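Me: I'd like to go through this structure with you and ask what the labels on it rest on. Here it is.

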Amino acid sequence: MRRGLGNPPFGRRDILRCLAAAAVIGANPVFGGQAREIGLQLYTVRDLLKSDFEGTLRKVARLGYREVEFAGILGPDVRRTSELLRSLGLAVPSLHLDYIELRDKAGSSFDIAHSLGSRFVVCPWLDPPLRQTIDDWRRICDDLNRIGELAARSALTLAYHNHDVEFRELAGGIQPYDTLLSRTDERVVKLELDVYWATKGGRDAADLLRAHPSRFRLVHLKDMAKDGSTTELGQGTIDFARILAAMSASGVQHAFVEQDVSADPLRSIETSIAFLRAQRYFSRGT
């Protein structure tokens, strides 16, 4: 699924005011700490945000989510969005931004992240023409390293989010994800592991987390139904006990519930947060 920018950046003076507001919201402790907040990837409620942006965020907060990750829909005015988030007690530790925008317009992309108080900027998707060969993936890795260096200079951290395409073998039996792991610089490029897409691609998400503890700082939590579609957490086939234990041991800082398709997204995210609250890894606050 393609996820791009939703709103243009605004003035730097506005950004500084929003950064001050973000400092009030604050960053949550790392995932290995005592208070592990449950986040939501807002792609899950994208259609609801389009029809009622503020009302949807209010419902997300009422359900008990304390962190959100944006993916393209930022509201009609980013400054007002930041103020709304502050009033709802919602932090935005990470933000999905379009790869081409990150590659060609890093500065304005970073301004958007700063305006929301985000610490991570995430490359969420690569259009197929960009990733046909292993040489394409090598160029992508080089781009990610360059973007990551620029992000670090702007007090941000770049991360890359996977789908299942990264686990499909190319010529010579090479999987793009292994190229990402080996060719990107772990000092400036982290990874956001989507456990559903990794599973769909034939990889064990818990094993990946444990094998590369320095790389994964963000995780998308979504379950897989028997037919291979996404479903609510605890309703599918993925062993989350192993994944949550691996997250705790691997330095994951933020975890986001996500469900790509749902007939009733609010019911789905309520079911998923109830499942996670029952786990000993998360804060059980309301």
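Me: Which residue in β3 does Glu-69 stand opposite?

Reply: Glu-69 stands opposite Ser-94 in β3. Bear in mind that this is a predicted model, where local features need pLDDT of at least 70, side-chain atom pairs count only at pLDDT 80 or more, and totals for chains, interfaces and linings use all residues. Residues are numbered from 1 along each chain as its sequence is written, and side-chain values use heavy atoms, leaving out hydrogens and water.

Me: What makes β2 and β3 a pair?

Reply: Two strands pair if DSSP finds at least two bridges between them. β2 (residues 67-70) and β3 have 3 bridges, in the parallel sense, so they count as paired. Strands here are DSSP runs of E, at least two residues, and helices are runs of H or I, at least four, numbered from the N terminus.

Me: Why is the crossover from β2 to β3 called right-handed?

Reply: The chain goes from β2 through helix α4 (residues 78-88) to β3. With the strands pointing away from the viewer, the path from the first strand over the helix to the second runs clockwise, and that is why the term applies.

Me: What does β3 pair with besides that, and where does Ser-94 come in?

Reply: β3 also pairs with β4 (residues 120-123), parallel again, over 3 bridges. Ser-94 stands opposite Phe-120 in β4.

Me: How do you know that β3 is mostly covered?

Reply: Buried means under 20% relative accessible area (exposed is over 50%, partly exposed in between; 1.4 Å probe, protein chains only). In β3 (residues 91-96), 6 of 6 residues are buried. Across the chain's 286 residues, 55% count as buried.
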